[in-house]
Amino acid sequence: MKCDESRALLHPYVDDELDLVKTLDVETHLRDCNECAGVHRNLVTLQTSVRAAPYYRAPAGLAARIRSNLPAPAAAASFRWPVGRIAAAAAVVLLAATTWMSVLWLGNSPEGLLASEVTSAHVRSLMADHLWDVKSTDQHTVKPWFHGKLDFAPDVRDFSASSFPLEGGRLEYISGRPVAALVYRHEKHYINLFIWPAPGQADSGEVATNRQGYPIAHWVHAGMNYWAVSDISAEGLRQFVSVVRSGAATAATQPGAAAMQN
Amino acid sequence: MPHLDAAYNLARWLTRREHDAEDIVQEAYLRAFNAFGNFHGGDARCWLLTIVRNTCYTWLTRTRQRDAAVDSFDEAIHEVPTNASADPYVILEQHLDQEALRQAIEALPVEFREVLILREFEGLSYRQIADVANLAVGTVMSRLARARHRLAEALGAPRERVDAKEAASEMR
C-alpha cells in the first residue's frame with residue numbers, strides 16, 4: 001500500500017468503517033511508515049479529545065415541557081382521546097419492533113457474528129500465511145495431530161479425487177472455544193473448513209451466505225457444526241460442500257470405511 | 001422521553017445556543033409526534049436525529065445564522081486532500097486544550113460540525129450519518145476528514161513540524 005492510499009483510508013480506519021482486509025492493509029502500512037503513523041496518531045488524539053468535549057445533556061425540565069406541549073390524550077374531549085392512546089400504543093409497539101429488527105439488520109444475530117468470526121479467521125490465515133500447523137497430503141497425518149489438542153475428534157477426509165485435496169489442519173479459536181480448521185485447496189484457492197461440536201443440535205441443510213465478498217456455508221451434521229469459507233466462487237463453495245457432505249454420508253453407510261480412518 | 005440527550009446535544013452544537021437548542025428540541029419532538037405515521041421502522045434514534053437536524057437547519061436559515069461562507073459551501077472546492085503531500089503537517093499535543101477544542105468545533109461550518117457530532121458523540125456509522133444528513137456516504141467521509149483537518153490546523157503546532165522538516169532537509 002502506498003502513502004496516498006493509506007491517507008485516504010485513515011479516516012474510515014479510525015472510524016471502524018473498513019473491512020477486515022483493508023484494515024489489515026492499513027495496519028501493515030502503519031507499521032512500516034513513520035509519516036503515516038504520525039498522521040494516524042494525530043487522528044486518534046483528535047478523536048479522543050473531541051469525544052471528551054462537552055456532551056450537552058438535556059436540561060432538567062425539558063422533558064416535562066415537551067410532554068406538556070404534545071397533544072395530551074386526556075385534554076381533548078372527543079375523538080382525539082382514543083387516537084392519542086392508539087398512537088402512543090402503536091409507538092411503543094413500533095419502537096420495540098424496530099429495536100429488535102435493527103439488531104437483526106446490524107448482523108448482530110449469533111449466526112451473523114459467527115459468520116464474521118469465521119471470515120476473520122479465514123482472512124487472517126491467508127494474510128499471516130498461516131494456513132496450517134500440520135501439513136498433509138492425506139487424512140492420516142492430520143487427524144492424529146488433533147488428538148489431545150481438541151476435546152472432540154473432527155471427521156478428517158481428503159477429497160483429492162473430487163479436486164479438493166486436503167492441505168493441512170490447524171487450531172482456531174472461534175465462538176469462545178478451540179475448533180478444528182481443515183484447509184482444502186481448489187486450484188489456486190484455499191478453503192477453510194471449521195468444525196466444532198454442536199451439542200443438542202439436529203442435522204440441518206447448508207445455509208449459504210457471504211461476508212465481505214467471501215462465500216460462506218454452514219450446516220450441522222452428526223452433532224458437529226461445519227463452517228466453510230473461501231475466496232472461490234459461491235458455486236465453487238457449493239460444490240465443495242456437496243463433496244464434503246456426500247463424503248460424510250458415504251462414511252455413515254459404510255462403517256468399514258470410517259473404521260479404517262481411525 | 002427517548003433520546004432526549006442525543007437530540008439536545010445535537011441541537012446545542014448545531015445552533016451553539018442554549019435556549020434556542022431547547023426550543024428546537026421541543027419543536028422537533030412535536031414534529032416527530034405528529035409525523036409518527038411516516039416512521040416506517042429503522043433506527044428510532046436516527047429518525048429522531050434527522051428531525052432535530054432538519055429543525056435546526058430551518059432555524060439556522062430563518063435566523064440567518066448560516067453565513068455567506070457556509071451558503072456557498074462547495075464540495076468541489078472543499079475536497080479532501082487525501083494525498084500525502086496535502087496533509088496538514090502538524091503535531092498534536094497528547095492533551096489538547098479542551099476550551100480551544102470546543103471553540104474550534106464551534107467555528108467549523110455547520111455542514112462539517114454535524115457529521116463530526118453525529119460520528120464522535122453519537123457513534124453513528126457513515127451510513128447512518130448519510131441518512132440523517134441526507135448525504136452520500138462518500139460525502140460523509142470527505143466532510144469528516146475535512147472537519148478533522150480543520151481542527152488539526154486550528155489546534156496543532158505547525159511550526160514545530162515545519163522546523164523539523166527544514167532541519168531534515170538541511171541534513172541531506
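This report walks through a predicted model, from its two chains to its helix packing and nonpolar cores.

**The two chains**

Let us start with the overall make-up. Chain A contains 9 helices and 7 strands. Chain B also has helices, 9 of them, but its strand count is 0. Reading chain B from its N terminus, the order of elements is therefore a plain run of helices, α-α-α-α-α-α-α-α-α. The table sets out burial and long-range contacts for each chain.

| Chain | Length | Buried residues | Share of contacts (separation of 6 or more) made by residues 24 or more positions apart |
|---|---|---|---|
| Chain A | 262 residues | 28% | 52% |
| Chain B | 172 residues | 36% | 73% |

**Leu9 in chain A**

A good place to look in chain A is helix α1, residues 3–14, where Leu9(A) sits. Is Leu9(A) buried or exposed? Leu9(A) counts as buried because it has 21 C-beta neighbours inside 10 Å, and 20 or more is the cut-off for that class. Beyond the neighbours within four places in sequence, Leu9(A) makes contact with Leu18(A), Lys22(A) and Val26(A). As for Asp25(A), it lies 16 residues from Leu9(A) in sequence, with a C-alpha to C-alpha separation of 9.8 Å.

**Two helix pairs in chain B**

Now to chain B and its helix α3, residues 44–62, which packs with helix α7, residues 126–133, at an angle of about 40° and with 8 Å between the axes. That angle makes α3(B) oblique to α7(B). The crossing of α3(B) past α7(B) is right-handed. On the α3(B) side, the contact is formed by Cys46(B), Leu49(B), Thr50(B) and Arg53(B), while α7(B) brings Gln128(B), Asp131(B), Val132(B) and Ala133(B). Sorted by class, the residues in this contact of α3(B) with α7(B) are 4 nonpolar, 2 polar and 2 charged.

The other pair joins helix α6, residues 110–120 of chain B, to α8(B), with an angle of about 100° and axes 9 Å apart. How are α6(B) and α8(B) oriented to each other? They are roughly perpendicular, since angles from 65 to 115 degrees fall in that class. From α6(B) come Glu111(B), Phe112(B), Val115(B), Leu116(B) and Arg119(B), and they meet Val140(B), Arg143(B), Leu144(B), Arg146(B), Ala147(B) and Arg150(B) of α8(B). This contact of α6(B) with α8(B) includes 6 nonpolar and 5 charged residues, with no polar ones.

**The nonpolar cores**

Which residues have the most contacts inside the largest nonpolar core? They are Ala7(B), Leu10(B), Ala11(B), Val25(B), Val52(B), Val115(B) and Leu116(B), in a core of 56 residues. The element that gives the most to this core is helix α8 of chain B, residues 137–155, with 8 residues. Two names here are familiar from the helix pairs: Val115(B) and Leu116(B) also belong to the α6(B) side of the contact with α8(B).

Val25(B) deserves a closer look. Setting aside residues up to four places away in sequence, Val25(B) touches Ala7(B), Tyr8(B), Ala11(B) and Val52(B), together with Leu62(A) from the other chain. Among these partners, Ala7(B), Ala11(B) and Val52(B) are also listed with the most contacts inside the core.

Apart from the core of 56 residues there is another, of 32 residues, which includes Leu193(A), Met224(A), Phe240(A) and Val244(A).

Conventions. Residues are numbered from 1 along each chain as its sequence is written. Chains are lettered from A and ligands numbered from 1 in the order in which they are written. This is a predicted model: local features need pLDDT of at least 70, side-chain atom pairs count only at pLDDT 80 or more; totals for chains, interfaces and linings use all residues. Axes are lines fitted to C-alpha atoms, for helices over the stretch in contact, and angles run from 0 to 180 degrees between N-to-C directions. Helices (H or I, at least four residues) and strands (E, at least two) are DSSP runs, numbered from the N terminus. Angles under 35 degrees count as roughly parallel, over 145 as roughly antiparallel, 65 to 115 as roughly perpendicular and the rest as oblique. A crossing is left-handed if the near helix is turned anticlockwise from the far one by less than a right angle, and right-handed if clockwise. Two residues are in contact if their C-beta atoms, placed from the backbone, lie within 7 Å. Ala, Val, Leu, Ile, Met, Phe, Trp, Tyr, Cys and Pro count as nonpolar, Asp, Glu, Lys and Arg as charged, and the others, Gly among them, as polar. A nonpolar core is a set of buried Ala, Val, Leu, Ile, Met, Phe, Trp, Tyr and Cys residues joined through C-beta atoms within 7 Å. A residue is buried if 20 or more other C-beta atoms lie within 10 Å of its own, exposed if 12 or fewer, and partly exposed in between; C-beta atoms are placed from the backbone.
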